[in-house]
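Hi,

Here is the structure I promised to pass on. Have a look at it first, and then read my notes below.

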Amino acid sequence: MKKKRIEGREQIIEIVDRFYARVREDDLIGPIFNDVAQVNWETHTQKIYDFWEMLLFGSEDYKGRPFPPHIPLGLKPEHFQRWLQLFFSTVDDSFEGQKADEIKMRALNIGRNFLNNLQARGLS
Ligand code: HEM
């Protein structure tokens with residue numbers, strides 16, 4: 001099937017929903033979301049839609065601080081690696097173009113930042 005472009009919130013919702021479907025079933029990072037953090041998927045995904053819409057399209061609905069919730073989770077480099085693998089493959093399966101490249105680049109940069117921050121605190 002022909003790949004699409006990310007044009008706004010509709011495609012962000014599609015990516016986030018497909019990504020978390022993979023995350024939830026993943027043997028390595030699924031349990032962190034499901035068991036360690038016991039994530040409320042309804043509220044979490046709404047937040048993440050807003051987060052990506054802010055980064056890609058400058059919307060102002062996201063009000064959180066992204067890093068703190070990750071501090072207590074015991075995240076290791078391999079968790080970030082898997083997170084990023086799943087995110088990239090989710091985007092690449094259905095999307096192409098400048099915004100598709102941008103969302104992957106931003107995910108990679110933020111993931112690296114989170115990991116650096118955790119390592120600087122001796123938490124990873
Ligand atoms: C192994 C890697 C990761 C794991 C296991 C993880 C897990 C989590 C968990 C459990 C939460 C709290 C969920 C909630 O109760 O709402 C959260 C929040 C969040 N995560 Fe991650 N995360 C990971 C990597 C990332 C990366 C790489 C990004 C960004 C590119 C990211 C962005 C966010 C954002 C924006 C929030 C919401 C913060 C807020 O406003 O409350 N996460 N994550």
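Before the notes, one term: by a polar contact I mean a pair of N or O atoms within 3.5 Å, and within protein one of them must be able to donate a hydrogen and the other to accept it. Please also keep in mind that this is a predicted model.

Let's start with Asp 50. Its side chain and that of Arg 9 are joined by a polar contact of 2.9 Å, which fits inside the 3.5 Å limit. Asp 50 is part of helix H3, which covers residues 41–57. Is Asp 50 buried or exposed? Its relative accessibility is 16%, and buried means under 20%, so Asp 50 counts as buried. If you leave aside the neighbours within four places in sequence, Asp 50 is in contact with Arg 9, Ser 59, Asp 61 and Tyr 62.

Tyr 62 leads on to the ligand, since a polar atom of the Tyr 62 side chain is 2.7 Å from one of the ligand's oxygen atoms. For Lys 47, a polar side-chain atom lies 3.1 Å from a ligand oxygen, and for His 44 an N or O atom of the side chain is 3.0 Å from an oxygen atom of the ligand. These three are among the closest residues to the ligand, together with His 70 and Trp 83, in a surrounding set of 24 residues.

The ligand takes up the space of the largest pocket. Which elements give two or more residues to the shell around the ligand? They are helix H2 (30–36), H3, H4 and helix H5 (98–120). H3 supplies the largest share of that shell, with five residues.

Now the iron. Which protein residue is the donor to the iron atom of the ligand? It is His 70, through NE2, at 2.0 Å, and the protein gives the iron no other donor. His 70 sits in the loop between H3 and helix H4 (77–94).

One last residue for comparison with Asp 50 is Asn 113, which is found in helix H5. Asn 113 has a relative accessible area of 45%. Partly exposed covers the range between the 20% and 50% cut-offs, so that is the class for Asn 113. In sequence, Asn 113 and Asp 50 are 63 residues apart, and the distance between their C-alpha atoms is 20 Å.

That's what I have for now.

Cheers

Notes. Residues are numbered from 1 along each chain as its sequence is written. This is a predicted model: local features need pLDDT of at least 70, side-chain atom pairs count only at pLDDT 80 or more; totals for chains, interfaces and linings use all residues. Side-chain values use heavy atoms; hydrogens and water are left out. Helices (H or I, at least four residues) and strands (E, at least two) are DSSP runs, numbered from the N terminus. Buried means under 20% relative accessible area, exposed over 50%, partly exposed in between (1.4 Å probe, protein chains only). Contact means heavy atoms within 4.5 Å. Donors are N, O and S atoms within 2.8 Å of the metal (3.2 Å for Na, K and Ca); water is not among the atoms, so sites may look incomplete. A residue is near a molecule or strand if one of its heavy atoms lies within 4 Å of it. On a 1 Å grid over the protein atoms alone, a cavity is a set of points where a 1.4 Å probe fits but cannot get out, and a pocket is an open set with protein on both sides within 12 Å along at least five of seven lines; lining residues have an atom within 4 Å of a point. A molecule sits in a cavity or pocket if more than half of its atoms lie within 2 Å of its grid points.
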